[in-house]
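Work through the exercises below with the sequence and the coordinates open. Each task is followed by a stepwise solution.

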Amino acid sequence: DNHGTTALTLSSKLPYQSTIKRKVRKKKNGVITANVAGTKYEIVRVVIREMGFVTTRDEDETANLIWSDSAVQQEKIAELRNYQRINHFPGMGEICRKDFLARNMTKMIKSQPQEYSFIPRTWIFPSEYTQFQNYVKELKKKRRQKTFIVKPANGAMGHGISLIRNGEKLQAQDHLIVQEYLDKPFLMEGYKFDLRVYILVTSCDPLKVFLYHDGLVRMGTEKYHPPCDSNLSQLYMHLTNYSVNKHNERFERDETEDKGSKRSIKWFTEFLETNNLDVSKFWSDISELVVKTLIVAEPHVLHAYRMCRPGQAPGSDSVCFEVLGFDILLDRKLKPWLLEINRAPSFGTDQKIDYDVKKGVLLNALKLLNIRKSDKRRNLAQQKAEAQKRLYGQGPVKKLLPGSSEWEKQRHTLERRKEELKERLAQVRKQISKEEHENRHMGNYRRIYPPDDKTLLEKYESLLATAFQTFLAGRAASLQREMNNPLKRMKEEDILDLLEQCEIDDEKLMGKCTRQRQPKPLCSMPESAQPLRKLKNYNSDSSCDSSSSMSETGEETEKEDHNEKKEKKVSYDLGENKYKSLERSGKLNEHSSNIKSPSYSSPTSSTSPIRRSVSCPRSISTMQSQAVEQCPFSAKASLQTQPPSSVNRSHSLNRSPSSARVSQTPSLGTVNASGSESLLQQKAKEQEVALTKETLLIINDMRMKFPGKTDEESELIIEDIMDNWKYHKTKVASYWLVKLDSVKQRKVSDI
């Protein structure tokens, strides 16, 4: 068979080599899929393609994004996977239907009349027909006459709207909404107008609201005159709906932004500036109106969402989001009045201004949602892990057996408390990570809830508590308890404080000797260098991921140091004065770090209600720039040194002889008691001088080691950590308190 084949070919052929070529499967890159079968607007498909999403078949229910023009059934939301997103919240109809909005606003006005004065007085027919007639009679007694606008309870696009001045003629049997007509609007070029403001709600647990800093100005097509009997039927004058005015022959379709019957809010704010009107107050008033309205909806939306997603943990990623269209009218004093809210605002693009504004609304909204290719894979892995936990009965806290002792009950309560704090800490960290992403991808949106202003946030939280009491009184008890939980309002540092206190209580309960609480320098803890691994991309990675990587590297360091202790033992002999510590310095150079300790001007706080652990690096912020570092050379003696200042890495080591003598006292006990006091002191001084020299050599040779970085680059990283210590402090503290138990903490402290 091999006739004619050269010897070289035969010798190069191995007997076990196969001539069959294996097919190498190329790993498919993940894609983000979108189901847009439920929308008629082409702009939605344009934005989907621009985002790089792949459109799926109409019947595909597993897409990452599902877009629908109309409200969706609650059953559909309940069936969604955690990685999916749909553009409607359950329960949002409580403010989007005119009659529901009026009913809920009336309840809030009764408890908070000063805060909810931005909606015209409203009556729902037929239930409030009698109250309306009584109001009309009072006006007649005072010889005053008002105009009322009548709307269908669940109407849209201006259908069925009319104006009346004689309220007595209205019939009670029709399902209508009757409002006082705002007859003194702010006019532009003599025309009445309203604003279409776009709002994005990304989550209801917790509530997150974004306002788009642009929108549409929709003008009437006839010059405005106050309502009278002769012009009540002229809807082109009194109504600003685009769906109504577009049928008027005077409707101007101009492509420039400063002309025509439809303009942008961006142009309108420039118009206000030109006329020396306060633009910042205009936006703050709009923001406050929007947030207060959504606070009314929040109890209904959150309750409905929890009913749809009963197994979903609080604070986890929301499967729902919503783009709302708020219709707002300005009066002569530029006070905004809420007209109605659209949960399915039109994304038609009849004009160029529609295309520009609405494309920005959708594009920036999808960027804020942060839909990732890995969401589906992560969700499946998480489901698998949870299934295994349920199968093997792995729980964070063991169940308390009947007949347990008082000590076991206390320990069980403490463990449950720690787990609750860790769970809340993870939620807070997740929210911080989301906020970091939102801050980078906000585009033309602005976060209006939660606001940055603490005073405003307290006011909103008070209104939110009132809304929950008003709308969920006597039901949703578990939701009410959760809202009243003080942990809900705690920040990361407060939760870490409580975790630290739990650690102290646990030590007392276990009968361990409580260590002396004092500030601990960062340079005495090897794990403080670990966050550097994530430093390059800390803005995009969550703090939970950072702390987990710190845990792995910290355990490796601990194992290396443990093995090193077995290999080499540093001897400390008082009689022969021999020191082998230099032999160890080579090993120390491999995994030890010498960090320039940052200087802090704040004094040490001694009035804190919660005591700080000796092992808690969060107390570093209260230290001065010069801190004491412990460098043990044997089990019998310890040497206390003071590392160089962060400004000057000199070869001097400030160390007082008195403190040295105190540190040597345990080892001096091993000397023969018959020796004289002066001889002992002389030997101690000699040992002190020798140890000081060797320690200086070790500290001089120590460097911060960073994988793939030079010493100079590592120095820059350390300086960046010191400059941004407020950011890194909580990560180091969380690793120390959450990832390490008390045994590991003591080991690291000894190192």
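The exercises cover a sheet, two helix pairs and some backbone details.

This is a predicted model, in which local features need pLDDT of at least 70, side-chain atom pairs count only at pLDDT 80 or more, and totals for chains, interfaces and linings use all residues. Residues are numbered from 1 along each chain as its sequence is written, and side-chain values use heavy atoms, with hydrogens and water left out.

**Exercise 1. The sheet**

Task: State the strand order of the open sheet formed by four strands, and find its edge strands.

Solution.
Step 1. Helices (H or I, at least four residues) and strands (E, at least two) are DSSP runs, numbered from the N terminus. Two strands pair if DSSP finds at least two bridges between them.
Step 2. The order in the open sheet is 5-8-6-7, with antiparallel pairing.
Step 3. Strand 5 (122-124) and strand 7 (162-164) are the edges, each pairing on one side only.
Step 4. From one strand to the next the twist averages 25 degrees. Angles run from 0 to 180 degrees between N-to-C directions, and axes are lines fitted to C-alpha atoms, for helices over the stretch in contact.
Step 5. Helix 5 (residues 98-111) packs on the sheet and touches strand 5, strand 6 and strand 8 (176-180). The direction of helix 5 makes about 115 degrees with that of strand 5. Contact means heavy atoms within 4.5 Å.

**Exercise 2. Strand 6 and its partners**

Task: Give the bridge partners of Ile 149 in strand 7 and in strand 8.

Solution.
Step 1. Strand 6 (residues 148-152) pairs with strand 7 in the antiparallel sense over three bridges. Leu 163 is the partner of Ile 149 in strand 7.
Step 2. Strand 6 also pairs with strand 8, antiparallel, over five bridges. In strand 8, Ile 149 has Gln 179 as its bridge partner.
Step 3. Four of the five residues of strand 6 are buried, so the strand is mostly covered; buried means under 20% relative accessible area, exposed over 50%, and partly exposed in between (1.4 Å probe, protein chains only).

**Exercise 3. Helix 9 and its surroundings**

Task: Which residues of helix 9 are buried, and what covers them?

Solution.
Step 1. The buried residues in helix 9 (residues 265-274) are Ile 265, Trp 267, Phe 268, Thr 269 and Leu 272.
Step 2. Their cover includes strand 9 (187-188), strand 10 (191-204), strand 11 (207-219), strand 12 (262-264), helix 10 (279-308) and strand 13 (322-330).
Step 3. Helix 9 packs with helix 10 at an angle of about 135 degrees, the axes being 9 Å apart. Helix 9 is therefore oblique to helix 10: under 35 degrees counts as roughly parallel, over 145 as roughly antiparallel, 65 to 115 as roughly perpendicular and the rest as oblique.
Step 4. Helix 9 contributes Ile 265, Phe 268, Thr 269, Leu 272 and Glu 273 to the contact, and helix 10 contributes Val 279, Phe 282 and Trp 283.
Step 5. By class, the contact of helix 9 with helix 10 has six nonpolar residues, one polar and one charged. Ala, Val, Leu, Ile, Met, Phe, Trp, Tyr, Cys and Pro count as nonpolar, Asp, Glu, Lys and Arg as charged, and the others, Gly among them, as polar.

**Exercise 4. Helix 13 against helix 16**

Task: How is helix 13 oriented relative to helix 16?

Solution.
Step 1. Helix 13 (residues 406-440) and helix 16 (residues 492-509) pack at about 160 degrees, with axes 10 Å apart.
Step 2. Helix 13 is therefore roughly antiparallel to helix 16.
Step 3. The contact of helix 13 with helix 16 divides into 12 nonpolar, one polar and 10 charged residues.

**Exercise 5. Backbone details in loops**

Task: Locate the proline of the cis peptide bond with Phe 125, then that of the one with Asp 205.

Solution.
Step 1. Phe 125 and Pro 126 are joined by a cis peptide bond with omega about 5 degrees. Pro 126 lies in the loop between strand 5 and helix 6 (129-141).
Step 2. A cis peptide bond also joins Asp 205 and Pro 206, with omega about 5 degrees. Pro 206 is in the loop between strand 10 and strand 11.

Task: Is Arg 143 buried or exposed?

Solution.
Step 1. Arg 143 is in the loop between helix 6 and strand 6, and its phi is near 60 degrees, a positive value in a residue other than glycine.
Step 2. Arg 143 counts as exposed because its relative accessibility is 81%.
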